[in-house]
Amino acid sequence: MAGDELPAGRRVAQWRVRRGMTQQMLADRLGRSKSWVDKVERGVRALDKVSTFRDIAVVLRVDASVLLGRDVEPVEVAERAAGVERIRAALSTYDIALGAGTARGVVLPADRLARDVTHAWITFQHARYPQAVGLVPGLLAAAQRAHADAPEPGRAALVEAYRVTASLLVKLGEGELGWLAADRAVSAAAGDPMLVAAACVQLGQALRASGRARAARSVTLAAAYRIAPPDPDGGIPAELSLCGTLLVQAALAAARDGDHRSVADLLDEAGDLAARVGDGHDHHATAFGPTAIDVARAAAAVELGAARDAVAWHEKAVRRNAWRWLPPEHRAAHLLDAARAYLRAGDPRGAGRVLLDAERAAPAELRHRPAARQVIAQVTRAPHAPATLVQLALSLGVT
């Protein structure tokens, strides 16, 4: 309806009906009379104050710009699109690989490049997505240049640059482009089983995000069992973390396919490895441990339609001391899954509560992740939605 020739009063009427409200209900919430609402909707009384528009927008849970008939793209959406295009351009550049003259530049020392890669991962894990978007194009160019200058010493940095790029793109709802970055990571890692396994974590995420759950399950299982130690008791924590994370990715892919039995078996297997690793570690940027397994069980339960089980696993996870040790990105992503679970369990208040927890843990998770906007919209349509969440929805242009 935005952008058409309808008077503002008619838009108010249409959104009131859409929200299932009578004129009296709208009047009561605005502290006005039913007659005043009726006159506004019929165009007899003009809406000539910005404050009045805002009050009505809050009650109707719609952006004020919609009532004014303007097509306004939230700033976050525009910035995200521009950032993704810059990353797309960086992934589309072949000058360095082809040895083109325009690609010549300073090759960073290995320790400086390693610090830059670590900084990019930390930025992502702290859910500073706009900053990560700004870092990634330059990081890709630097890692490609280092790899071209010294292929073997520069390989690990290149794989990690592609991995963090893939994770970021999947987070921003760009599954296909994330798949490209993850595929590049796997190709760059070829010949090193541990590097290949690390790259396959992001490949599994990207394939699942692109609707290719069976392919995601196949590749992550193959990678997990390729590096699985013959005796888990003798495995090193970094190896166990990577293997366990791949099993989790396979389980989530199986959940997407509705395979309850495989989900349970794979998560139990991953849980055994997590018990050996313990909480509080972040080997290969996985944050793997017993708490991460509870979080994964909740996510799988959401996929399988077992909302109450998902809520139970969520509540168990957040009671763990190690819950706070998970990266903010990991916690906020889980809280979005928990919000979906509460909604499906018929508890919109619980959904609103965990969304506000996500906003406190990692504001960018709600502001820059397209999937979050869908959940916010669902919760704010429910009766008695938290006022703080409604205001957040309005600021994001979510209706």
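**Exercise 1. In this predicted model, find the ring that R32 lies over and give the distance to the ring centre.**

Solution. Start at R32 and look for the aromatic face beneath: R32 lies over the face of W36. The distance from the ring centre is 4.3 Å. A charge counts as sitting over a ring only within 6 Å of the ring centre.

Now try another arginine: which ring does the charged end of R353 sit over? Here the partner is Y342, and the charged end of R353 is 5.4 Å from the centre of that ring.

**Exercise 2. Classify the geometry of the pair W121 and F124.**

Solution. First, place the residues: both belong to helix α8, which covers residues 110-125. They are three residues apart, about one turn of the helix. Next, take the ring centres, which lie 6.1 Å apart; the cut-off for a pair is 6.5 Å. Finally, check the planes: they stand at 75°, and over 60 degrees counts as edge-to-face, so this pair is edge-to-face.

**Exercise 3. Work out how F124 and Y129 pair, and whether each is buried or exposed.**

Solution. The centre-to-centre distance is 5.8 Å and the planes are 45° apart, which makes the pair tilted. For burial, the limit is under 20% relative accessible area. F124 has 5% relative accessibility, so F124 is buried. Y129 has 0%, so Y129 is buried too.

**Exercise 4. Put the aromatic pairs together: how many does the structure hold, and what do W121, F124 and Y129 form?**

Solution. The structure holds two aromatic pairs. F124 takes part in a pair with W121 and in a pair with Y129. Together, W121, F124 and Y129 form one aromatic cluster. To finish the picture, W121 is buried, as is F124.

Definitions and conventions. Residues numbered from 1 in each chain as written. Predicted model: local features only at pLDDT ≥ 70, side-chain atom pairs only at ≥ 80, totals over all residues. Heavy atoms only, no water. Phe/Tyr/Trp six-rings, centres within 6.5 Å; stacked < 30°, edge-to-face > 60°. Helix = DSSP H or I, 4+ residues; strand = E, 2+ residues; numbered from the N terminus. Buried < 20%, exposed > 50% of the residue type's maximum accessible area, 1.4 Å probe, protein only. Lys NZ or Arg CZ within 6 Å of the ring centre and 35° of its normal.
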